[in-house]
Amino acid sequence: MDRQQASTDDSEYSITESIKDLAPTGFQLAKDTLFSPEHIAAAKPEDILTRMLSTKSYISTTSSLEELNNACGTVYAIVGTDTVAKLPNSPGKVPQLLTDFKMHASVKEAMNDVENLMKLEIHIPKLYSWEMDVQSFALISSRVFPIPLPVREAIVDVLCPPTLQEYKSEFPAKPENKHCLIRVYLGRRMRNRTDPNVKDFKLRNFPLHVNEMEDLQLDTSAFAQVMAQALAILHWKAGVDGNDVEFILGSSPLLSLIPRSDEITGEDECSLGHRFDLSRQSISLWLIDFNMCAKFEKSPAGLKLLVDGFIWNDPYYSSPELTTAKDKKLWSEIRKRYLEVSRVLTTSAMPGQFTAEIENRGRKTNVGELF
C-alpha cells in the first residue's frame, strides 16, 4: 500500500499516520544568548554570516518545524524533540532508505571508534532505530535543524540576487525557505547570482561557493581538513565509498544534560520537559545522506568506486583539475589530511592510489579542455 494512503483499520498502528500527527506547527522559546537580538540588529549582514558560518557561535532565534522532502524519503519532525522520522516516498524507495540506515550505522560506528584516536570536527545525526508496520517503514534519527532566520536574512542581503532584497521581510520566512541547509562547495566558484529569473530561487540546500567563503573570510582550509578527515574515516574505518554524501552547514539547539535526582526536587512536569533549547542554536558542519553509499572491496573495482564517488559527487571537495592557486592549495590540504588520517587507520596502499587516481583524472580533464 502507498504510504500516503490512510489506514482504515483503527486497530493497526500506522507509522505513517502517527508521524504525520506529530508534525508540529511550531513553537518558540526566547532567552538571551551569546549572539543576542541586539547584537544581530547592530551587525552588518556580512558580519552575521562570518560569525555564524564559522561554526563558533550561538545565536538567539525562533524555530518552526514541519515536514521535509528529498529524493529518498519524506522527513517528519517529532513535536517537542530533536528527533525526525524519514519515510520512503514510495514502496520502490524502501531499499534505498534501508541502505541509508545501514550505511549511516556503519559510518556512525566508525566515527565513535576513532574518537579516542583523533579529534572529530564533523557532526553526524544520531541514529536511533528502524521501524516498520503493515503500511510502511521509517528511519528514526536526530535532526539537523535549519539555518536560523537572522542568518537566512543575511544570506538574502549578501549572497542572493539583488532583486530578492526588496522581498527580504517575507522571502526568508516562506515555508520553502525555512528549511535552509547550506551546501559547502569548496570545489566550485560562483561568478554571480544576478540571474533576473528569481521566481524559483530558494534557500533550501543553498550552495555556498568557495569564493563566497573567501569573501566572508571563512576558514576554507579548516572546512577542507574536516572533509578530508571524514572521507578517510568513511573509507578506511567504515569501509564505505562515500558516494553522494553531503557536507552541509546546519544548526543544532543547545542540549542540557539529564538532571540528577537531587536536581529535580520541586521541578514540575513542564520544566522537566525541555532538554534542548531552540532559542540557542549553533551552526556546525554536518555529514548526511548515505542512501547512495556502498561497501567496497580492496581491489581495482573498489578503488574505482571510491574515485567515482569523489569525482561525481556535488563539488564539496576542492579537486586537482581546478586551476587557481587558492584551489590548488585547498586540494593539497585535502590530499595531505586525507593521507595522514588514512595512515592511522590502514596499512593499505589504496589511500595513495585513490589520491593519485584523482590527480590523474584531473590532468586528463585539463588536457581535454585545451582541444
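Strand S3 sends Gly-73, Val-75 and Ala-77 one way and Thr-74 and Tyr-76 the other way, and all of them are buried (under 20% relative accessible area, with exposed meaning over 50% and partly exposed in between, using a 1.4 Å probe and protein chains only). This is a predicted model, so local features need pLDDT of at least 70 and side-chain atom pairs count only at pLDDT 80 or more, while totals for chains, interfaces and linings use all residues. Residues are numbered from 1 along each chain as its sequence is written, and side-chain values use heavy atoms, with hydrogens and water left out.

**Strand S3 and Thr-74**

- S3 covers residues 73-77, and 5 of its 5 residues are buried; strands (E, at least two residues) and helices (H or I, at least four) are DSSP runs numbered from the N terminus.
- S3 pairs with strand S4 (residues 83-88) in the antiparallel sense over 5 bridges, where pairing takes at least two DSSP bridges between the strands.
- Thr-74 stands opposite Leu-87 in S4.
- With a relative accessible area of 0%, Thr-74 is buried.
- The side chains of Thr-74 and Asn-89 share a polar contact of 2.8 Å (N or O atoms within 3.5 Å; within protein, one must be able to donate a hydrogen and the other to accept it, and residues adjacent in sequence count only if both atoms are side-chain atoms).

**Aromatic pairs**

- Searching the whole structure turns up 12 aromatic pairs (rings of Phe, Tyr and Trp, the last by its six-membered ring, with centres within 6.5 Å; planes under 30 degrees apart are stacked, over 60 edge-to-face and the rest tilted).
- One of them is Trp-236 with Phe-296, edge-to-face at 5.6 Å centre to centre and 90 degrees between the planes.
- Trp-236 lies in helix H8 (residues 220-238) and Phe-296 in the loop between strand S10 (276-288) and helix H9 (300-311), so this pair ties together parts 60 residues apart in sequence.
- Both partners count as buried: Trp-236 has 8% relative accessibility, and Phe-296 has a relative accessible area of 12%.
- Phe-310 and Phe-354 also form an edge-to-face pair, with 5.8 Å centre to centre and 85 degrees between the planes.
- Here the link runs from helix H9, home of Phe-310, to helix H11 (residues 350-368), home of Phe-354, so it joins parts 44 residues apart in sequence.
- Phe-310 is buried at 7% relative accessibility, and Phe-354 is buried with a relative accessible area of 1%.
- Ring pairs also build a cluster out of Tyr-185, Phe-247, Phe-310, Tyr-316, Tyr-317, Trp-331, Tyr-338 and Phe-354.

**A charge over a ring**

- Arg-143 puts its charged end over the ring of Phe-145, 5.0 Å from the centre; the cut-offs are NZ of Lys or CZ of Arg within 6 Å of the ring centre and within 35 degrees of the ring normal.

**The nonpolar core**

- The largest nonpolar core has 71 residues, and Phe-247 and Leu-287 touch the most other members (a core is a set of buried Ala, Val, Leu, Ile, Met, Phe, Trp, Tyr and Cys residues joined through side-chain atoms within 4.5 Å).
- H8 gives this core its largest share, 12 residues.
- Leaving aside neighbours within four places in sequence, the contacts of Phe-247 include Ile-122, Met-227, Leu-285, Leu-287 and Tyr-316 (contact means heavy atoms within 4.5 Å).

**His-104**

- His-104 is found in helix H4 (residues 94-114) and counts as buried at 5% relative accessibility.
- Beyond its neighbours within four places in sequence, His-104 is in contact with Ile-124, Pro-125, Leu-127 and Phe-290.
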